[in-house]
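Please open the model in a viewer and keep the sequence panel at hand. The stops below name what to select and what is to be found there.

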Amino acid sequence: MVRDFASTSVPRHLARGAVGFGLIIGSIALVPVAGPATLLAAPLALIAFRGCPTCWLVGLAQTVSRGRLERQCADGVCTLAKAHPAAKATQ
């Protein structure tokens, strides 16, 4: 089973990324000002990323390609191909 990291829209996914990266960068940048307690904000980024920054990047690719690509499997070999709009309408 392939895990789905995609969001409902690209702007929403980018907003989640901005929050996640902001939390990581902010928590590290604020250590000299507010002390090491600010590092406790970094794990909250995992919630925004739905895992890790790599998971967020995979989700971005999934969100962008959603509805444009489809997996086609034949004889045990799977490939990606352009989605056919007419096929989507009949499903």
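**Stop 1: a loop threonine**

This model is predicted. Begin by selecting Thr 38 together with Ser 27, Leu 30 and Val 31: Thr 38 touches these three residues when those up to four places away in sequence are set aside. Thr 38 lies in the loop that links α2 (31–34) to α3 (44–49). Is Thr 38 buried or exposed? Its relative accessibility is 15%, so Thr 38 counts as buried, the cut-off for buried being under 20%. Next add Gly 35 to the selection and display the backbone. The side chain of Thr 38 reaches the backbone oxygen of Gly 35 at a distance of 3.0 Å.

**Stop 2: a glycine in the helix α1**

Move to helix α1, which covers residues 10–29, and select Gly 20 within it. With a relative accessible area of 0%, Gly 20 is buried. Which residues does Gly 20 touch, not counting those up to four places away in sequence? They are Ala 45, Ala 48 and Phe 49. Now select Arg 50 and set up a C-alpha to C-alpha distance from Gly 20. Although 30 residues separate Gly 20 and Arg 50 in sequence, the distance in space is 9.5 Å.

**Stop 3: the hairpin**

Select residues 69–74 and 77–82, which are strands β1 and β2 respectively. The two strands run antiparallel and are joined by six bridges. To follow one pairing, pick Glu 70; its bridge partner in β2 is Ala 81. Between β1 and β2, which form a hairpin, there are two residues. Select Asp 75 in this turn and inspect its backbone torsions: phi is positive, at about 55°.

**Stop 4: the cysteines**

Remain on the hairpin and show the side chains of Cys 73 and Cys 78. These two residues form a disulfide, with their sulfur atoms 2.0 Å apart. A disulfide is a covalent bond between the sulfur atoms of two cysteines. The torsion about the S-S bond of Cys 73 and Cys 78 is about 110°, and the disulfide is therefore right-handed. Cys 78 has a relative accessibility of 44% and so counts as partly exposed.

Then select Cys 52, which is in no disulfide. The cysteine sulfur nearest to that of Cys 52 belongs to Cys 55, at 3.1 Å; a disulfide requires sulfur atoms within 2.5 Å. Cys 55, likewise, is in no disulfide, and its nearest cysteine sulfur is that of Cys 52. The accessibility of each can be checked by colouring the surface: Cys 52 is partly exposed, with a relative accessible area of 27%, whereas Cys 55 is buried, at 16%. How many disulfides does a search of the whole structure find? The search finds one.

**Stop 5: the whole chain**

Finally, clear the selection and display the chain as a cartoon. Five helices and two strands are present, and from the N terminus they follow the order α-α-α-α-β-β-α. Of the 91 residues in the chain, 22% are buried. A surface representation corresponds to an accessible area of about 6,500 Å², with 69% of that belonging to carbon and sulfur atoms. In a contact map restricted to residues at least 6 apart in sequence, 49% of the contacts join residues at least 24 apart.

Methods. Residues numbered from 1 in each chain as written. Predicted model: local features only at pLDDT ≥ 70, side-chain atom pairs only at ≥ 80, totals over all residues. Heavy atoms only, no water. Pairing = 2+ DSSP bridges. Helix = DSSP H or I, 4+ residues; strand = E, 2+ residues; numbered from the N terminus. Buried < 20%, exposed > 50% of the residue type's maximum accessible area, 1.4 Å probe, protein only. Contact = heavy atoms within 4.5 Å. Areas by Shrake-Rupley, 256 points an atom, 1.4 Å probe, with all protein chains shown as cover. Polar contact = N/O pair within 3.5 Å; in protein donor to acceptor, adjacent residues only side chain to side chain.
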